[in-house]
Amino acid sequence: MCQIAVSIPDEVLYDTKMNIEDANRFVKKAVALGYYTQSGVSIGYCAQIAGMSEKEFIRYLGQNHISIFQFDNREEFMEEMNNA
């Protein structure tokens, strides 16, 4: 697994009242969220990046108003709803 270092000014940690562990968790979640929404990386891999279970990551997506369901158009969405 690859590791990436991120430099965060001490002032940001102070202003946000985060310690290094909090900031590390925040960055992991932010990166996973970005990979999911911008690059189409799977929920499973993004959950690993975020240090969460898939269920926790799906819940995290919902808290950030991101749906796990992708529809190309309204008709496809309506068809899915009618089949539910």
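These legends go with close-up views of a predicted model.

**View 1. The two cysteines, Cys2 and Cys46, without a disulfide.**
Look for disulfides here and you'll come up empty: the structure holds zero of them. Cys2 is in no disulfide, and its nearest cysteine sulfur, on Cys46, sits 15 Å away. Cys46 is likewise in no disulfide, with the sulfur of Cys2 as the nearest one, at 15 Å. A disulfide is a covalent bond that links the sulfur atoms of two cysteines. For this pair, the cut-off would be 2.5 Å between sulfurs. As for the surroundings, Cys2 counts as exposed, at 65% relative accessibility, while Cys46 is buried, with a relative accessible area of 0%.

**View 2. The largest nonpolar core, eleven residues.**
Cys46 turns up again here, as one of the eleven members of the largest nonpolar core. Its partners in the core are Ala32, Leu33, Tyr36, Ile43, Ala47, Ala50, Met52, Phe57, Tyr60 and Leu61. Which helices supply at least two residues each? They are α2 (20-39), α3 (43-50) and α4 (54-63). Helix α3 gives the largest share, four residues.

**View 3. Contacts around Ala50.**
Zoom in on Ala50, a member of that nonpolar core. Skip its neighbours within four places in sequence, and Ala50 is in contact with Lys28, Lys29, Ala32 and Phe57. Among these, Ala32 and Phe57 are also listed in the core.

**View 4. The salt bridge between Arg25 and Asp22.**
How many salt bridges does a search of the whole structure find? It finds one. The side chains of Arg25 and Asp22 meet in a salt bridge, with N to O at 2.5 Å. Side chains of opposite charge can pair when their charged atoms come close. Both Arg25 and Asp22 lie in helix α2, three residues apart, which is about one turn of the helix. Is either end tucked away or out in the open? Arg25 is partly exposed, with a relative accessible area of 46%, and Asp22 is partly exposed too, at 28%.

**View 5. A nonpolar patch on the surface.**
Now for some greasy side chains on the outside: Ile58, Ile68, Phe69, Phe71, Phe77, Met78 and Met81 form a nonpolar patch on the surface. Together they have about 590 Å² of accessible area. Helix α5 (residues 74-83) brings the largest share of the patch, three residues. Phe77 has its place in helix α5, and at 33% relative accessibility Phe77 counts as partly exposed.

Note on methods. Residues are numbered from 1 along each chain as its sequence is written. This is a predicted model: local features need pLDDT of at least 70, side-chain atom pairs count only at pLDDT 80 or more; totals for chains, interfaces and linings use all residues. Side-chain values use heavy atoms; hydrogens and water are left out. Buried means under 20% relative accessible area, exposed over 50%, partly exposed in between (1.4 Å probe, protein chains only). A nonpolar core is a set of buried Ala, Val, Leu, Ile, Met, Phe, Trp, Tyr and Cys residues joined through side-chain atoms within 4.5 Å. Contact means heavy atoms within 4.5 Å. A salt bridge is a side-chain nitrogen of Lys or Arg within 4 Å of a carboxyl oxygen of Asp or Glu. Patches are made of residues with over 30% relative accessible area and no salt bridge: like charges are joined within 9 Å, nonpolar side chains (Val, Leu, Ile, Met, Phe, Trp, Tyr) within 5 Å. Accessible areas come from the Shrake-Rupley method with a 1.4 Å probe; for residues, only the protein chains shown count as cover.
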